[in-house]
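User: Please take a close look at one residue, then follow its contacts outward. Here is the model.

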Amino acid sequence: MRSPIMTLSFTKMHGLGNDFIVIDGRQIPVVLPDSLIRRLCDRHLGIGCDQLVLLSPATLEGADVHVRFFNPDGSEAGACGNASRCVALFVGNSPVLQTRAGLLPTTQKGEQFAINMGAARLDWQDIPLSRPCDTLHLPLENAAACSMGNPHATLFGDIGRAETLGPVLERDPLFPERANIGFAQILSPDHMRLRVWERGAGLTLACGSGACAAVVNAVRRGLTERTCTVTMDGGDLTITWQEDGTVLMTGPATTVFHGTLA
């Protein structure tokens, strides 16, 4: 595999099985064309991951590192909760992350990392939707929608439809930027089961921003309390929709290995 740079150092990480290639461009700038991102993310022809994460120097006051998230198809995501925890572990010292979704403060609590994912956005323009809609009851499988820096729709009920319905709804005309589609089953007022079809990535073992969106939408519908354990295929996250409107996500992050691509 050839790239515009001679060698490329990377770290493979995961949050609850949601796996990432982390590339540190803080000291030496790294430029990654879409074609190279697609090859790196490919599980047969490259390293393989659910998303690629590129770090660079922060440009905003109060931030410690600039973070960009790329899907396996080369498109850029505005936020990724599981990857944000991995970046917190990679950088250390509870950094503030500069992302397209805003500044995300992080805190390490033992082996757990808490990320303030910012405020949930509930207006149809902010998600965005292609036309005015009640975001609590979309005219689409009776889903609820919100943005966590990227668009999410949550369907409550049958989680078994994630593989078949997820790819269809991701590209529904209602979502001009496509959408992450969550399938949630409420187990109790403080516990839900969730599977997420991620735009540009498909079904993943865990989706941090999807878990945040699912809890926000569940609270809006009166289905759960503001703090809820979200069980996904890869494990559990604790999500709190705080009274100030921001969403706190707490969970683990793991370093798998380091490598260099020539």
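What is the relative accessible area of T99, and is T99 buried or exposed? Which residues does T99 touch, not counting residues up to four places away in sequence? Please carry on from there to the sites that UniProt marks as "active site".

Analyst: A word on the basis comes before the residue. This is a predicted model, where local features need pLDDT of at least 70, side-chain atom pairs count only at pLDDT 80 or more, and totals for chains, interfaces and linings use all residues. Numbering starts from 1 along each chain as its sequence is written, and side-chain values use heavy atoms, with hydrogens and water left out.

T99 is buried: its relative accessible area is 9%. Buried means under 20%, exposed over 50%, and partly exposed in between, with a 1.4 Å probe and protein chains only. T99 belongs to strand 6, residues 96-99. Strands here are DSSP E runs of at least two residues, and helices are H or I runs of at least four, numbered from the N terminus.

The T99 side chain has two backbone partners. One of its polar atoms lies 3.0 Å from the backbone nitrogen of A101. The side chain also reaches the backbone oxygen of G102, at 2.9 Å. A polar contact is a pair of N or O atoms within 3.5 Å; within protein, one must be able to donate a hydrogen and the other to accept it, and residues adjacent in sequence count only if both atoms are side-chain atoms.

Farther along the sequence, T99 touches V67, F69, G78 and L104. Contact means heavy atoms within 4.5 Å. Two of these partners lead inward. V67 and F69 are both in contact with V53, whose other partners include F20, V22, A83 and V87.

V53 brings in the core. The largest nonpolar core has 46 residues, and V53 and I239 have the most contacts inside it. A nonpolar core is a set of buried Ala, Val, Leu, Ile, Met, Phe, Trp, Tyr and Cys residues joined through side-chain atoms within 4.5 Å. Helix 4 gives the most to this core: 8 residues. At least three core residues come from each of domain 1 (8-112 + 252-261) and domain 2 (121-244). A second, separate core has 19 residues, among them L138, L140, A162 and W197.

Now the annotated sites. F69 leads there: C80 touches F69, along with N18, F20, Q51 and M117. C80 sits in the loop between strand 5 (76-77) and helix 2 (81-91). Its relative accessibility is 4%, so C80 counts as buried.

UniProt, in an unreviewed entry, gives "active site" for C80 and C207. The two residues span 128 residues in sequence, yet their C-alpha atoms are no more than 7.6 Å apart, so they gather at one spot. Both C80 and C207 are in the lining of the largest cavity. A cavity is a set of points on a 1 Å grid over the protein atoms alone where a 1.4 Å probe fits but cannot get out; lining residues have an atom within 4 Å of a point.

C207 also sits in a loop, between strand 13 (202-203) and helix 4 (208-220). C207 is buried too, at 3% relative accessibility. Its contacts are N18, N82, H152, V196, E198 and M232.

N18 touches both cysteines, C80 and C207. Its partners also include D50, N82, E198 and T204. The side chains of N18 and D50 are joined by a polar contact of 2.9 Å. N18 lies in strand 2, residues 18-24, and is buried at 2% relative accessible area.

N18 carries an annotation of its own. The unreviewed UniProt entry lists "binding site" residues that include N18, Q51, G81, N82, E198, G208 and S209. From the full set, Q51, N71, N150, N180, E198, R199 and S209 are in the lining of the largest cavity. G81 is found in helix 2 and counts as buried at 0% relative accessibility. Two of the listed residues, G208 and S209, are in contact with G81, as are M117 and M249.

One last residue gives a second view of the loops. A63 lies between strand 3 (51-56) and strand 4 (65-70). A63 is buried at 15% relative accessibility, with A58, V96, Q98 and L103 as contacts. From A63 to P176 is 30 Å, C-alpha to C-alpha, across 113 residues of sequence.

Notes:
UniProt positions are given in the numbering used here, feature names are shortened, and annotations may be inferred rather than shown by experiment. On a 1 Å grid over the protein atoms alone, a cavity is a set of points where a 1.4 Å probe fits but cannot get out, and a pocket is an open set with protein on both sides within 12 Å along at least five of seven lines; lining residues have an atom within 4 Å of a point. Domain bounds come from an automatic or database domain assignment.
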